[in-house]
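Got the viewer open? Let's walk through one corner of this fold, one selection at a time.

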Amino acid sequence: MITILPIDDEERAQYQRFYKEHTPVGWMEEESITRLIVKMKRGYKGWTPSGCARDCGDHYIVAHYGSYTRVDKRTLTVTKDVEDK
């Protein structure tokens, strides 16, 4: 089960130092893993930092080490082994 949670301003400011091309926007909890959700800033090419989820509008791309998963925002349906576009 996947749960999407908000991020507070203090956490956002802390993570923003590490992710210059992205804006932290929330948390994704999956069983025993909590991932940072980031949104790409304008003017940068889309990519997802390892261990994070990237907000792509109607879905999230989750970067695992060596593969990517797509999570539909509306249904939270997971599709494994997709490309990070």
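Start by selecting β4 and β5: in this predicted model, the two strands pair antiparallel, with three bridges between them. To see one of those pairings, pick A53, whose bridge partner in β5 is V62. Then follow the chain round the hairpin, where three residues sit between the strands and G57 adopts a positive phi near 90 degrees.

Stay on β5, residues 59-63, and switch on a surface. Is this strand enclosed or open? Five of its five residues are buried, so β5 is largely enclosed by the rest of the structure. Side chains in a regular strand alternate between the two faces of the sheet. Colour the two sides of β5 separately: H59, I61 and A63 are buried on one, Y60 and V62 on the other, so both faces are covered.

Next, add β6 (residues 68-72). This strand runs antiparallel to β5 and is joined to it by five bridges; select I61 and you'll find R70 as its bridge partner in β6. The hairpin here has four residues between the strands, and G66 is the one to click for a positive phi near 105 degrees.

Now go back to β4 and centre on D55, in residues 53-55. D55 counts as buried because its relative accessibility is 14%, below the 20% cut-off. Show its surroundings, leaving out residues up to four places away in sequence, and D55 touches V25, I37, V38, K39, Y60 and K73. A polar atom of the D55 side chain also lies 3.0 Å from the backbone nitrogen of G57, the glycine you met in the hairpin of β4 and β5.

Which salt bridges does D55 make? One is with K39, at 3.8 Å from N to O; this pair links β4 to β3 (residues 33-40), 16 residues apart. K39 counts as partly exposed, at 33% relative accessibility. Another is with K73, where the closest N and O atoms are 2.8 Å apart. Here D55 reaches the loop between β6 and β7, and the two residues are 18 apart in the chain. K73 is partly exposed too, at 30%. Display the three side chains together: shared salt-bridge partners join K39, D55 and K73 into one network.

Last stop: R54 and D84, whose side chains form a salt bridge of 2.5 Å, N to O. R54 is in β4 and D84 in the segment after β7 (78-80), so this pair ties together parts 30 residues apart in sequence. R54 itself is buried, with a relative accessible area of 6%. In total, the structure holds five salt bridges.

Definitions and conventions. Residues are numbered from 1 along each chain as its sequence is written. This is a predicted model: local features need pLDDT of at least 70, side-chain atom pairs count only at pLDDT 80 or more; totals for chains, interfaces and linings use all residues. Side-chain values use heavy atoms; hydrogens and water are left out. Buried means under 20% relative accessible area, exposed over 50%, partly exposed in between (1.4 Å probe, protein chains only). A polar contact is a pair of N or O atoms within 3.5 Å; within protein, one must be able to donate a hydrogen and the other to accept it, and residues adjacent in sequence count only if both atoms are side-chain atoms. Contact means heavy atoms within 4.5 Å. Two strands pair if DSSP finds at least two bridges between them. A salt bridge is a side-chain nitrogen of Lys or Arg within 4 Å of a carboxyl oxygen of Asp or Glu.
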